[in-house]
Amino acid sequence: MSDTITLTIDGRKIQGEPGQTILEAAEAAGVYIPRLCAFEGLVPHGSCRVCTVMVNGRPQAACTQPIAEGMLVENDTAQILAIRRNIIDMLFVEGNHFCMFCEKSGNCELQALAYRFGITAPKYPYLFPSRDVDASHPDIFIDRNRCVLCGRCVRASRDLDGKNVFEFVGRGPEKRVAVNAEARLVDTDIDVTDKALDVCPVGALLKKRVGYAVPVGRRLYDHKRIGSDIEQPATTK
Amino acid sequence: MSSTLESAVKEICRACGNDRMRMMDIVRAVQEKFGCVDSQAMSLIAKEVSVHRVEVESVVSFYAFLSSQPKGKVVIRLCDDIIDEMKGGRKVAEALKDKLGIDFGETTADGRISLEHTPCIGMCDQAPAALINDEVVTYLSADSARDIIDKLQSHMDPKKLVSRLGDGNNAHDLVRSMVHNSIRKEGPVIFGTMAPGDGLRKALAMSPQEVIRDVKTSRLRGRGGAGFPTGMKWEFTRGAPGDDRFVICNADEGEPGTFKDRVILTERSDLMFEGMTIAGYAIGADTGIIYLRAEYAYLRAFLEHALAERRKAGLLGKNILGKHGFDFDIRIQMGAGAYICGEETALISSCEGLRGDPKNRPPFPAQKGIYAKPTVVNNVETFCCVARILEKGPGWFAEMGSEGSTGTKLLSIAGDCSKPGVYEVPFGITLREMLEMCGAKDTLAVQMGGASGVMVGKAQFDQTICYDDLATGGSVMVFDQSRDVLAVASKFMDFFIEESCGYCTPCRVGNPLLKERLDRIRAGKGEPGDLDYLQDLGETVTIASRCGLGQTSARPVLSTLANFRAIYERLVKPAVDGLQPAFDIHAALADSTEITGRESVHFQR
Ligand SMILES: Cc1cc2nc3c(=O)[nH]c(=O)nc-3n(C[C@H](O)[C@H](O)[C@H](O)COP(=O)(O)O)c2cc1C
Ligand code: SF4
Ligand code: FES
Ligand code: FES
């Protein structure tokens, strides 16, 4: 059938549909490719690079790379796992993450990725950046110390809410998420029901007064590791 | 004041058709008129061109030549490239600071003069150099720097600082710059003579497909660094579906140590325009855009004039050279200070009025480039080669150079050599021959291809300059035995940290981490394990980064690790006390010692 594309991931043949990315096709076939900036329903961003895979021997972001017939994808190799681990480490030292008293703890995708990769402490030195908190809005706050620059809120506000409340400003290490106002979130047209508020993988963009609602032990990643709902034991075709 | 801002912004936006795609022109114009694009201006622009305010801010905050805080009427941008530093740039910097009574990044109290650092401005052959607004001042010394400040404080007119004019078109009425071409070796391709129209006429006598065939036969590869076969790129673009097509000339020349495109723009712009026009014919485009780096704004009026002359001569415009139905024209898009905008998809973002973030690929520019239309992006020199290939035939071109790298290459050589400047050489010469040619003595190391290239030592001097051996987009920096190659590498890391767009994690975070560990080693606080740490970190940045910047930014570290490993090994030592050498226990305990009023029991001095 010309409507399906066959590719190989870590030696296992899988089928996908034209237009799918490697990440999507893998997921449909029960193969989890770790990701952070990718989010179902949002256009791929390709920025975190956690989803890096080798495609025919060359590195590509699985979340942006379309599948092609006969592609050879390496996802679960020592080299790729080491690279992903390094990137997750980088995200930790780049910001100021104090998981122990963070509202998102247990439901945080960055934290969950670290657990999945067996990271207990980063191997890179902390950069301790000076970043700000915007608590101007009565119902919502931004803690930029925890932001991983994944751009999910930027895309969700623009494409799902039709608002453009968020956008990146600055470049390089100075890059940060700004709001569509002179300075403060309260001066934007954001609403507490906006979809943009449900996409942040970490504890950077949160609703006020709902933190710590779920007790330890019943949080999203307390017992199952991130990606486990996607992963299936390899089935023979 | 605010009503003047409001009416001026309105006028500027209207002059740009209130078109958000022309955001770069708009913000540049506002910056020029008001010394900044402040918060109020951003809101006004957003309203005029119907975008969100934060989108304007995202653009303004991206480019080094734009600012939200007011700058002086005159902005001095001293090049802080490694070559400038070697040629006495620090003394110039001190003199400027001292004379103005301000530090870099500051503006004088009267709001008249701002002082800044900027990466390579393409004047390494006449370093130290600086930009004063759009004017270039070269061969600076502490004395001449003080003199410049005296003069500026009296007349505030950077143009009046030009006392002697450079050679060739640098003395042209529309340039009037003190820049020198420093052409040291003229070769047959770029510096050979060709009358305007001679290449184009031959091209128009053929079919577009035949033109592409000739370019392919010549085996021309891109001169901007990556070396992609030009004919193949054109064929893809021609074959991509779409009604409009575009030709873009990459005149961003941001790679530290490169200044060969500056010389082409000054002396051979006709050849470049002709190559672009031929590309337009070959791929079926009717618009060409030159993306000119902000540092070369002093050439803009001259280039506009050259374009006007070509229009008059029937070499641009409608029915070019009488060829019915072939319409093509070229416009200039100014950049605003961002190395990343030399990367072709970032360049396209910038042309579309966006931050200079590279785009995700696929689609490639050949399929969906500017305005999502099929687009060819080539380097200045590549277009010049095309014009000569069409004029003299692909065989003539392919006979020069080496098998995989046909033709000649412009090198811009600077650093520790007696004859810095531009050399047109056939591909395939050895590094040793090149060093001889430029008068380099006691050479310790050569940085081939700029900051994103590789640092090579004596063991590599018999290698050849070509795509498959020692590749370079043109930049060659020579360092003699008195230099510290790790200091050079560290300087290049500063450059990448500053110039990363910040989009992807490995480049945004990895580069500062590489620099941290490299500097720790340089300070004598490294451990043997740090070498593996750097290698592993550097490889992650190289493999996982999203675009060519991050994919090459670890090279200063990785290439010195490979080629100058002995230097690292001399610097690192195992810790004697079992603690990390970089960790100063007494400094860490200083506060508690102070508070408790006694020393630690375990760690006493
Ligand atoms: C960070 C970065 C900066 C670049 N800067 C330039 C530049 O200033 N000029 C240039 O021609 N190419 C530059 N390139 C290469 C371009 O992306 C592109 O490959 C080139 O313009 C294609 O033209 P060519 O095939 O004629 O070389 C740069 C690439 C990267 C990754
Ligand atoms: S490698 Fe990533 S952060 Fe660096 S310039 Fe390219 S896209 Fe930007
Ligand atoms: S998930 Fe692919 S780059 Fe972030
Ligand atoms: S636990 Fe990850 S950001 Fe708070």
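## Where the pieces meet

Between domain 1 of chain B and domain 3 of chain B, about 1100 Å² of area is buried, and carbon and sulfur atoms give 58% of that. Keep in mind as you look around that this is a predicted model. The size of an interface is often given as the accessible area lost when the parts come together, so that kind of number is a handy place to start.

Let's stay with this pair for a moment. Ten residues from domain 1 of chain B and 17 residues from domain 3 of chain B take part in the contact, while the centres of these two domains, taken over C-alpha atoms, are 29 Å apart. What about charges pairing up across the boundary? The rule finds zero salt bridges between domain 1 of chain B and domain 3 of chain B. There are, however, four residue pairs in polar contact between these domains, counting pairs with both residues at pLDDT 80 or more.

Now look at the domain 1 side of that boundary in chain B. Two elements, helix 2 (23–34) and helix 4 (53–60) of chain B, give two or more residues each to the side that touches domain 3. Helix 2 of chain B has the largest share there, with four residues. Sorted by class, this side of domain 1 of chain B has five nonpolar, two polar and three charged residues.

Zoom out to the rest of chain B. Its full division runs from domain 1 (3–62) through domain 2 (74–163), domain 3 (184–398) and domain 4 (410–479) to domain 5 (486–571). Further along the chain you can find ligand 2, with 13 residues around it. Among the closest are C501(B), C504(B), C507(B) and C547(B), and G550(B) belongs to that closest group too. The shell around ligand 2 is made up of eight nonpolar, four polar and one charged residues.

Over to chain A, which is divided into domain 1 (5–76) and domain 2 (87–210). The centres of these two domains, over C-alpha atoms, are separated by 25 Å, and the contact takes 17 residues from domain 1 of chain A and 22 residues from domain 2 of chain A. Together they bury about 1400 Å², with carbon and sulfur atoms giving 70%. On the side of domain 1 of chain A that touches domain 2, you'll count eleven nonpolar, four polar and two charged residues. Here too, the rule finds zero salt bridges across the interface, but there are five residue pairs in polar contact, with both residues at pLDDT 80 or more.

Finally, how do the two chains meet? The contact takes 42 residues from chain A and 45 residues from chain B. About 3400 Å² is buried between chain A and chain B, and 57% of it comes from carbon and sulfur atoms. In chain A, R49(A), M90(A) and R171(A) lose the most area to chain B, together 21% of what that side buries.

How many salt bridges does the rule find across the interface of chain A and chain B? Three. You can see a salt bridge where the side chains of E94(A) and R508(B) meet, at 2.5 Å from N to O. The two chains also have 23 residue pairs in polar contact, with both residues at pLDDT 80 or more. On the chain A side, strand 3 (52–55), helix 2 (78–94), strand 8 (166–169) and strand 9 (176–179) each supply at least two residues. Helix 2 of chain A takes the largest share, eight residues. By class, the side of chain A that touches chain B has 21 nonpolar, twelve polar and nine charged residues.

Notes: Residues numbered from 1 in each chain as written. Chains lettered and ligands numbered in written order. Heavy atoms only, no water. Domains from an automatic or database assignment. Contact = heavy atoms within 4.5 Å. Buried area = accessible area lost by both parts, 1.4 Å probe. Salt bridge = Lys/Arg side-chain N within 4 Å of Asp/Glu carboxyl O. Polar contact = N/O pair within 3.5 Å; in protein donor to acceptor, adjacent residues only side chain to side chain. Nonpolar A, V, L, I, M, F, W, Y, C, P; charged D, E, K, R; others polar. Near = heavy atom within 4 Å.
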